Amino acid sequence: MNPTALALPERATKPRNEGLTVVIDNGIPLSYFQDVVASMGSLVDIVKFGWGTSVVSDTLGQKICCLRDHHLDYYFGGTLFEKFLSQDKLEDYIAYCHRYECRFVEISNGTIGLSNAAKARLIKDFTSEFRVFSEVGYKDSKRTLEAAEWIEYIQQDLAAGAERVITEARESGTSGIFQHNGELRTSLIEEILDSGIPSNSIIFEAPNKAAQTYFIRRLGSNVNLANIAMHDIIPLETLRLGLRSDTLLAFDD
């Protein structure tokens, strides 16, 4: 809702099919989590419980109840999927996701030695029970993919049934679509965008303001962004609406 006379970019309304804001919980205290969801949940689409934090959190059930109360979806980070897979315990992972009534799963190969073709086969298998987000890119900043490989793997995952493909960046913004020094690999991103892959089928990890600004200026207010910190929910929405200096003039005619 716009309570002013300002001309602002039109944001997709919830439940959104574009302009997703995927927030990461890295294990914050329960009361903080509940306060954030209660006060800012209208700006959030999905919450990811980062990497394996759900396993060691004593308040996971309470957090999930809070998300359900506010009609927010959630899923466990791809690293946890990879941990189960590395120990040949996929059935246990599926049971774990069902135990917490997850509608979404993330299928990735950012750390383990799993080919993208094999990952795509797993995506296809999981679509019978879950809505699947896949992830392309490595967590080790020394491991990189050429643009042609990024494009091939994104297309492969989408063809296998992934609802969206997430571009790796880590919470630190130092791998995947980022260089190890934290700078975005803009030429890579442009090649992906020029490949014909619909940008709305991609969720770009953008853990900092500079990356968020780049994607909003490049693709508009309704670009899908992930790895958004809890404390960045409102700042991100102001960027999307041109209410921060970084995007203030981006949407003026």
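Leaving aside neighbours within four places in sequence, Ile177 is in contact with Trp150, Thr167, Glu168, Ala169, Glu183, Leu184, Arg185, Leu188, Ile189, Glu205 and Phe215. The model in which these contacts are found is a predicted one. Ile177 also belongs to the largest nonpolar core, which has 70 residues. Within that core, the residues with the most contacts are Phe33, Phe126, Ile177, Phe215 and Leu225. Helix α7, residues 147-160, supplies six residues, the largest share of this core. A second core, separate from it, consists of nine residues, among them Val22, Phe104, Phe133 and Ile166.

The sheet may be considered next. Eight strands form an open sheet in the order β3-β2-β1-β8-β7-β6-β5-β4, and their pairing is parallel. Because β3 (73-76) and β4 (104-107) each have a single partner strand, they stand at the edges, and one side of each is left without a neighbour in the sheet. From one strand to the next, the twist averages 25°. At the β3 edge, the partner can be described in detail: β2, residues 46-49, pairs with β3 in the parallel sense over four bridges. In this pairing, Phe49 stands opposite Phe76 in β3.

Helix α10 shows how a helix can be placed against its surroundings. This helix covers residues 233-240, and its buried residues are Ile233, Leu236, Glu237, Leu239 and Arg240. Seen down the axis of α10, the buried residues fall within an arc of 155°, and therefore they line one face of the helix. A general property of helices is relevant here. An α-helix has 3.6 residues a turn, so residues three or four places apart point the same way. The buried residues of α10 pack against two strands, β1 (21-25) and β8 (225-228), and against two helices, α1 (30-40) and α9 (209-219). After α10 comes Gly242, whose phi is positive, near 70°.

Where does Lys119 lie, and is this residue buried or exposed? Its place is in helix α6, residues 116-126. Lys119 counts as buried because its relative accessibility is 0%. Not counting residues up to four places away in sequence, Lys119 touches Ile107, Ser108, Asn109, Leu114, Glu135, Val136 and Asp157.

Several features of the backbone remain to be described. The peptide bond from Lys14 to Pro15 is cis, with omega near 0°. Pro15 is found in the segment before β1. His71, a residue other than glycine, has a positive phi, near 60°. The loop between α3 (60-69) and β3 holds His71, and this residue counts as exposed because its relative accessibility is 73%. Asp88 is likewise a residue other than glycine with a positive phi, near 60°. The place of Asp88 is in the loop between α4 (78-86) and α5 (90-99). With a relative accessible area of 71%, Asp88 is exposed.

Definitions and conventions:
Residues numbered from 1 in each chain as written. Predicted model: local features only at pLDDT ≥ 70, side-chain atom pairs only at ≥ 80, totals over all residues. Heavy atoms only, no water. Buried < 20%, exposed > 50% of the residue type's maximum accessible area, 1.4 Å probe, protein only. Arc of directions from axis to C-beta. Contact = heavy atoms within 4.5 Å. Core = buried A, V, L, I, M, F, W, Y, C linked by side-chain atoms within 4.5 Å. Pairing = 2+ DSSP bridges. Axes fitted to C-alpha atoms, helices over the stretch in contact; angles between N-to-C directions.
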